[in-house]
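Me: I am in my first year and would like to learn how to read one part of a structure slowly. Could you take a close look at a single helix with me, and then at what comes after it?

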Amino acid sequence: MTVLRLARSELKRMTGGLLPKLTILALVMVPLLYGAVYLYANWDPYGNLDRIDAALVVEDTGAVTSDGTELQAGEKVADSLVEGNVFNWKSVASADEADQGVSSGKYAFALKIPQDFSTNLVSPGSFDSASQAMLDVTTNDANNYLLSTIVDKLTTAVHNTVAKDVGEETANQLLTGFGTIHAQMLKAADGAGQLADGVATLRDGTVTLHQGSTALNGGAGELYAGQLKLRDGANQLTDGAGQLSSGLSVLKDKTATLPSDSQTLANGAAQVAAGNAQLNTKVQDIAAQLDAADLGLRARVIESNSRLVASEVITQVQADKILADFDATAASSPVTAAKTKIQADAAQVQQLADGSEAVSVGAAQLAAATPALKDAVAQASSGADQLHTGSATLATGQQAAVDGAGQLADGATKLDAGAGQLETGAGTAADGSRTLADEIAKGAGQVPNPDDSQKSSLSEVIADPVAVSNVSQAKADSYGAGLAPFFLTLALWIGVFMLIQAMRPMTQRALASNAPAWKIAVGGWLPFLAVSVVQASLLTLVVNVGLGLNPAHPVLMWLFMLAAAMAFSAIIQGIVALLGSPGKLVVLILLVLQLVSSGGTFPWQTTPEPLHVVHEVLPMGYVVTGMRHLIYGADLSMIVPTVLGLLGYTILGAGLSTLAVRKHRFWTLKTLKPEIAI
C-alpha cells in the first residue's frame, strides 16, 4: 500500500456522493468566507466615514486682530471640515440640540466651536489676557467605541491646523516687530554715530582750545613780560623826550641866524666859482696855444725836410732822422716840461672850477633850505615837548597795561587748566559715544530683520517647529491590506481546523495494513494538504483579483500561502491523529493563543511577557510576518528561514502523525468505545 493510494482512497470516500462533495466544497469555502469576507467588509472603513452623521455647531462670534483684520476662525474651521468630507457634517443650531442628538444616536458625535473661539485665538497678542481656544467634542461610546479614537485623531488634526495657522500669523507679527525694532535700532545707531562724530569734533575742538589756551597762557606771560619792558621803555622814552625837548630848544636858539649866514655863504661861493671859471678859461687857452705852437713847429720841420728831399739836398732817410731828432729834442726841452706842467695845472684848475661851482650850487641850496630847517627845528622842539608830555601819559597808561597783563596771565592759567579738564572730559565722552554707537550697531545687527519671504518661512517653522518626514520602506495601501496578512493566515488555520471536523486523520483500514507507519501517516495527511492547497489558492485568487490586494510579490505570496497550508495541515492532522477528539480542543486552544500572540493587529511586543514565548514557538506569527513582507514589498531575506521553519513544523506534524499510527495499531477498549467524541 503506497502513500498516494492511501490518500486517493480517503479522497474517494469523501467524494463518493453528493453530500460529501458539497461538504468538501463547503470546507474549501470556509477560509474564503472567513478571510475574504472579513477583509471585504473592512477593506477601507476610513474611506467611508462620510456616511457617518456628525453634528457641527458654530457659535463663534469672530474677533479683530491687532492689525485691524476681522477673524472668523470658527467659520473657517467649519468650512474646512465640510470641504474635507471626512464625515457627513450636519449643521446644528445649538449645543444642546447636538448633545441630544449624540445621546439618542442620531449623530455619532458632535463638534462645537464656542463663541470665544476667535477671541481666544487672537488673545496671545496681549500678554495680560492670553487664553486657549477650545473645541468642544461630545462622543458616546454606545454609538461605537472605535469612533471615539477616530474623532480624537480628527480633532487633533483640526487643532494642529488651526494652531499652525494662528501660530504663523502671530509669529509673522512677532517677526515684523523684530524688523521694526531692527530699523529703529539702526536709526538709533546712526544717531549715536552722529553724536559720536559730534563729540569727536568737540573733542578736537577742546584739544585745539587746550592748545590755544596753553599758547594763550604762554603768550599772556610773554605779554606781561613785554608790558613790563614796554613800561620801562615808556619811562625811558619820557626821560629821553625831556632831554630831546631841552636839546631842540637850544638848537632852535642856535639856528636863529642860520638863514642869513647861509645866504652870505652862498653869495661868496658864487663869486669864488665865477673867479675860478675865468681862471680855468685862461689856463685852458694857454695850454691850447702851447699845443698849437708845438704842432706848427713840427709841421714846419716836416715841410722843410720835404723841400730838402725834393731838392735832393738830403735823402729821405736823413729827413726822417732829422724829424726823429726834432721829436726827441722837443720831448726833453724845458718848453715841453712847462707845457706838461701847464696842462696838469689846467686840469686842477678845471677841478677847482667844477668844485667851486658845486659849492656855489650847494650853498645856494643851503641858503634856500635853511629857513625851512629853522622852521623844522622849531616844530621839532614843539613836537619834542609834546612827545615828552605824551610819553609821560604813555608811561602812566603802560603801568595800567602791566596790571591788566598780569590779570590776563592769571586768567589764561585758569583757562588752560579748565581747557585741559574739558579736553579730558570730551575725550571720555567721545570714547563713550563711539562705544555707544558701536554697541547699538552690534545690537541692531543681532536683532532679526527678516524680509517677507524669510518671515513667511520663519512663521511656518515657529508655528510648526517639528515636522515628521515619513519614509515608508513598506506600506499597506489600505486598512484591509493592513489586516490581510493576519486574516489570511488565520483563515488558513481555521480552514484546516474545519477539515478535521469532516475528514479522518487516518483510516482504520490503513492501520490494519502492514504498511510502514510513516507511509500511513503521510497518506492520512495528504488529503488535508490537497484540500488546504485548494483553500489557499482560492483564497489568494479572490483576495488578489476580487478585492484588489495587489501584493508586491503575488506568485511568492501564493507559494508562501501553500507552505503555510502545508505546515498548518500537518500540525493539525498530527495533533488530532495523536490525541483524537481532545486534539481538536488542543487545536482550538492553539488558535486562541496564536490570535493574541501573532501580532496581527498590535505589535506582539505589546502583549504580556508569557505570550512572547507563544509567539516564538507557534507558526502563525512567522506566517503573518512573512505575508507582510511579501504583500508590502519589504526585505525578503527572512522568507527563506521562515519557509524552512514551516517545513520544520510540517516534519513535526508528520512525526506526531507517525506516533499516532504506532499508537493506534494497538486496539484497546477506548478504541472501541472512546470516552468522548467531538
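Reply: Let us begin just past the end of helix α3, where the residue that follows, Asn-85, has a positive phi, near 55 degrees; please keep in mind throughout that this is a predicted model. Turning back to the helix, α3 covers residues 73-84, and at 1.5 Å a residue its 12 residues should span 16 Å, which agrees with the 16 Å that separates its end C-alpha atoms. The buried residues of α3 are Ala-73, Gly-74, Val-77, Ala-78 and Leu-81. Seen down the axis of α3, these buried residues fall within an arc of 135 degrees, so they line one face of the helix. On the face turned away from that buried side, α3 carries the exposed residues Lys-76 and Glu-83.

Further along the chain we come to aromatic residues. The structure holds five aromatic pairs. In one of them, the rings of Phe-87 and Trp-89 have centres 5.8 Å apart and planes at 75 degrees, and because an angle over 60 degrees counts as edge-to-face, that is how this pair is classed. Phe-87 has a relative accessible area of 1% and is therefore buried, while Trp-89, at 10% relative accessibility, also counts as buried, because the cut-off is under 20%. These residues do not stand as a pair alone, since Phe-87, Trp-89 and Phe-109 form one aromatic cluster.

Key
Residues numbered from 1 in each chain as written. Predicted model: local features only at pLDDT ≥ 70, side-chain atom pairs only at ≥ 80, totals over all residues. Heavy atoms only, no water. Helix = DSSP H or I, 4+ residues; strand = E, 2+ residues; numbered from the N terminus. Expected span 1.5 Å × (residues − 1). Buried < 20%, exposed > 50% of the residue type's maximum accessible area, 1.4 Å probe, protein only. Arc of directions from axis to C-beta. Phe/Tyr/Trp six-rings, centres within 6.5 Å; stacked < 30°, edge-to-face > 60°.
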